[in-house]
Amino acid sequence: MKALLLAGGLGTRLRPLTEHLPKPMAPVVNRPWLEHLILHLKSQGISEFVIAVKHNADVIRRYFEDGSKFGVRIEYSQEPELLGTAGAIKHAEQLLTDRFIVVNADIINHVELVPLLEFHQTNGALVTIGLTEVDDPSHYGVVLQTMSGRIVRFVEKPPRHAAPSNRINAGIYVMEKEALKWIPAGREVSIERETFPTLIRKGFPVYGWLVRGYWLDMGTLDRYLALHRDVLDGKCALQLSYPEQKEGIWTGADVDISDDVTLVPPVVIGNGVKIGHGCVVGPYAVLGDKVTVESGSACSHSVALPGARLESNRTIRNAIFGQDFFVEVQPPVYAVNKKVVQR
């Protein structure tokens with residue numbers, strides 16, 4: 001069985017972070033989210049992938065190539081124009097197996113696949129939609145189900161008071177290839193507003209399953225920071241790129257950190273990072289490869305992208321910054337880890 005990863009979106013609400021990057025290539029603890037996703041799916045037993053690409057497709061192709069360096073096989077489906085979720089699936093039809101899994105790579109889906117696949121097979125479903133529960137479903141596609149899990153109604157972005165449930169489409173589907181007969185080719189097609197309602201109306205077995213694991217719509221800069229906090233708190237168990245040198249301190253190679261630097265866990269420090277005298281880094285600071293923090297500065301609750309420089313005697317908090325941009329974010333209130341490591 002193959003996995004189709006939908007990676008064609010622009011990610012406009014994550015600008016300037018995604019100004020020249022496809023949204024799934026946004027770095028999450030110093031590794032592209034799409035790489036985290038592929039490695040996670042590989043750990044769940046999937047080794048063959050089709051990546052549907054559109055904007056800045058060469059960034060993805062150059063990074064992953066044929067997938068061999070990640071121990072998987074990758075093919076690409078290049079959209080000639082934005083085709084919507086269902087249109088992108090239809091466009092990749094010739095590359096897909098009789099049963100396949102679709103994952104919206106714009107969404108942080110770090111979930112268990114085996115129960116979802118078993119539920120799909122047990123019920124003889126044509127489509128099984130992975131579901132998650134949210135407090136406010138008004139920004140999402142909402143489902144109404146029978147006791148058996150069969151979906152009887154699909155409502156796109158209803159007002160909160162009128163939502164039939166708080167279960168929403170998590171952006172992950174198990175599909176039989178037969179379902180693609182009901183997706184028109186060559187035009188933009190919404191899977192939530194057109195395809196799923198059509199299948200349900202025609203009486204096909206469309207089911208929903210509440211997935212287990214971590215889920216987050218990484219659609220805004222404050223959620224991007226929230227994701228990093230969740231990873232560093234262990235709520236989202238991503239594999240970090242560097243060894244944990246001390247509790248809550250992950251450090252790459254060839255770092256240059258002055259002896260009087262204070263590290264407040266959790267902190268991730270990339271390869272080739274330089275931190276000058278008297279700096280305080282953390283808590284919840286992620287420094288990308290070759291970041292420079294000049295003397296007397298402090299950085300917490302922030303993400304510094306590769307090559308960024310923090311000038312002397314500056315204090316930043318709740319920020320995302322790179323070589324050519326700096327954005328302050330107002331995230332929700334959260335607890336602070338007070339543990340300190342003095343170098």
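Select strands β8 and β12 (residues 206–210): five bridges join the two, and they run parallel. The model is predicted, which is worth keeping in mind at each stop. Within this pair, pick Gly 130; the residue standing opposite in β12 is Trp 209.

Keep Gly 130 selected and turn to the other neighbour of β8. Strand β11 (residues 167–176) pairs with β8 in the antiparallel sense, over seven bridges. In β11, Ile 172 is the residue opposite Gly 130. Gly 130 can therefore be shown together with Trp 209 in β12 and Ile 172 in β11.

Now show the surroundings of β8 itself, residues 127–133. Six of these seven residues are buried, so the strand is largely enclosed by the rest of the structure.

Next, select helix α1, residues 33–43. How many of its eleven residues are buried? Eight are, so the rest of the structure largely encloses this helix as well. To colour them, take Trp 33, Leu 34, Glu 35 and His 36, then Leu 37, Ile 38, His 40 and Leu 41. The buried set includes Glu 35 and the histidines His 36 and His 40. Continue along the chain past α1 to Gly 45, where phi is positive, near 100°.

Move on to the open sheet of four strands. Their order is β16-β19-β22-β25, with parallel pairing. At the edges are β16 (256–257) and β25 (309–310), each of which pairs on one side only. Select β22 (residues 292–293) with β25: two bridges join these strands, which run parallel. For one residue pair to display, choose Val 293, whose bridge partner in β25 is Leu 310.

The last stop is the cysteines. The structure holds zero disulfides. Cys 279 is in none, and the nearest cysteine sulfur, that of Cys 299, lies 9.6 Å away. Why is there no bond from Cys 299? The closest cysteine sulfur to that of Cys 299 is in Cys 279, and at 9.6 Å it is too far for a bond; the cut-off applied here is 2.5 Å.

Switch on a surface to check both residues: are they buried or exposed? Cys 279 is buried, with a relative accessible area of 0%. Cys 299 is buried too, with a relative accessible area of 2%.

Terms used
Residues are numbered from 1 along each chain as its sequence is written. This is a predicted model: local features need pLDDT of at least 70, side-chain atom pairs count only at pLDDT 80 or more; totals for chains, interfaces and linings use all residues. Side-chain values use heavy atoms; hydrogens and water are left out. Buried means under 20% relative accessible area, exposed over 50%, partly exposed in between (1.4 Å probe, protein chains only). Two strands pair if DSSP finds at least two bridges between them.
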